[in-house]
Amino acid sequence: MQHLVVRASSPAHLQADDWVLNGVGRKVSHYYGYGLLNGGRLVEMAKRWPRTPPQRKCFIQVVYKARAIGSRLSVSQNVSSSPCLQRRHRGIRSLEHVQVQLSLTYSRRGDLAISLTSPMGTTSTLVDVR
C-alpha cells in the first residue's frame with residue numbers, strides 16, 4: 001500500500017519552501033510528504049500492482065557509546081557491509097522505513113536539530129530547532 005500511496009501522490013499546488021528531489025527523483029516535503037493523494041490513480045495502479053516481496057528487517061547499531069554533542073555532532077556510518085543488507089545473503093533490495101532510537105542528554109531540547117541523510121543524499125528532519 002505504501003508503494004502505491006507514494007506513486008499516486010504529487011506536490012500539485014501545495015506551497016512549501018522545502019520541496020526537494022529525493023534520491024530516486026521524487027519531490028518530497030517535510031511538511032507534505034509526497035503531496036496530495038490521487039485516489040483514482042491509486043485504485044488504477046493497485047489493479048496492476050505486482051506482489052511485493054515479504055518484509056525483511058535489518059537491525060544495525062551505529063553509535064553505542066556516549067559522545068559530547070558540543071556545538072555540532074555528526075555521526076556517519078556506512079552500513080552497506082552489514083550481512084543483512086548484502087545480496088549474497090538474500091539481503092534487503094529496497095528500503096521503506098528507518099527507525100532511529102536515540103538516547104541523549106542536552107541542556108535545552110529546543111536547541112537541538114536532528115536529521116538523517118540517506119546514501120543518495122535525501123535528508124529527513126527528525127527533530128528541528130524550536
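Which backbone nitrogen lies 2.7 Å from a polar atom of the side chain of Asp18? That of His30, and the views below start there; bear in mind that this is a predicted model.

**View 1. Asp18, a buried acid without a salt bridge.** Asp18 sits in the loop between β1 (9-10) and β2 (20-21). A polar atom of its side chain lies 2.7 Å from the backbone nitrogen of His30. Set aside the neighbours within four places in sequence, and Asp18 is in contact with Val28, Ser29, His30 and Tyr31. As for charged company, the nearest side chain of opposite charge is Lys27, and that one is 11 Å away.

**View 2. Trp19 and Tyr32, a stacked pair of rings.** Here's the one aromatic pair that the structure holds. The ring centres of Trp19 and Tyr32 are 6.2 Å apart and the planes meet at 10 degrees, so this pair counts as stacked. Trp19 belongs to the loop between β1 and β2, while Tyr32 belongs to the loop between β3 (27-28) and β4 (36-37), so the pair ties together parts that are 13 residues apart in sequence. How buried or exposed are the two partners? Trp19 is buried, at 19% relative accessible area; the cut-off for buried is under 20%. Tyr32, with 36% relative accessibility, is partly exposed.

**View 3. Lys47 and Glu44, a salt bridge in helix α2.** This is one of the two salt bridges in the structure. The Lys47 and Glu44 side chains come together at 3.1 Å, N to O. Both residues are in helix α2 (residues 39-48), and because they are three residues apart there, about one helical turn separates them. Lys47 is exposed, at 60% relative accessibility, whereas Glu44 is partly exposed, with a relative accessible area of 38%.

**View 4. Arg108 and Asp111, another salt bridge.** Side chains of opposite charge can pair when their charged atoms come close. In this view, the side chains of Arg108 and Asp111 do the pairing, with 3.7 Å from N to O; the cut-off for a salt bridge is within 4 Å. Arg108 counts as exposed, at 53% relative accessibility, and the cut-off for exposed is over 50%. Its partner Asp111 is partly exposed, with a relative accessible area of 38%.

Notes:
Residues are numbered from 1 along each chain as its sequence is written. This is a predicted model: local features need pLDDT of at least 70, side-chain atom pairs count only at pLDDT 80 or more; totals for chains, interfaces and linings use all residues. Side-chain values use heavy atoms; hydrogens and water are left out. Helices (H or I, at least four residues) and strands (E, at least two) are DSSP runs, numbered from the N terminus. Buried means under 20% relative accessible area, exposed over 50%, partly exposed in between (1.4 Å probe, protein chains only). Lys and Arg count as positive and Asp and Glu as negative; His and the chain ends are not counted. A polar contact is a pair of N or O atoms within 3.5 Å; within protein, one must be able to donate a hydrogen and the other to accept it, and residues adjacent in sequence count only if both atoms are side-chain atoms. Contact means heavy atoms within 4.5 Å. Rings of Phe, Tyr and Trp (its six-membered ring) pair if their centres lie within 6.5 Å; planes under 30 degrees apart count as stacked, over 60 as edge-to-face and the rest as tilted.
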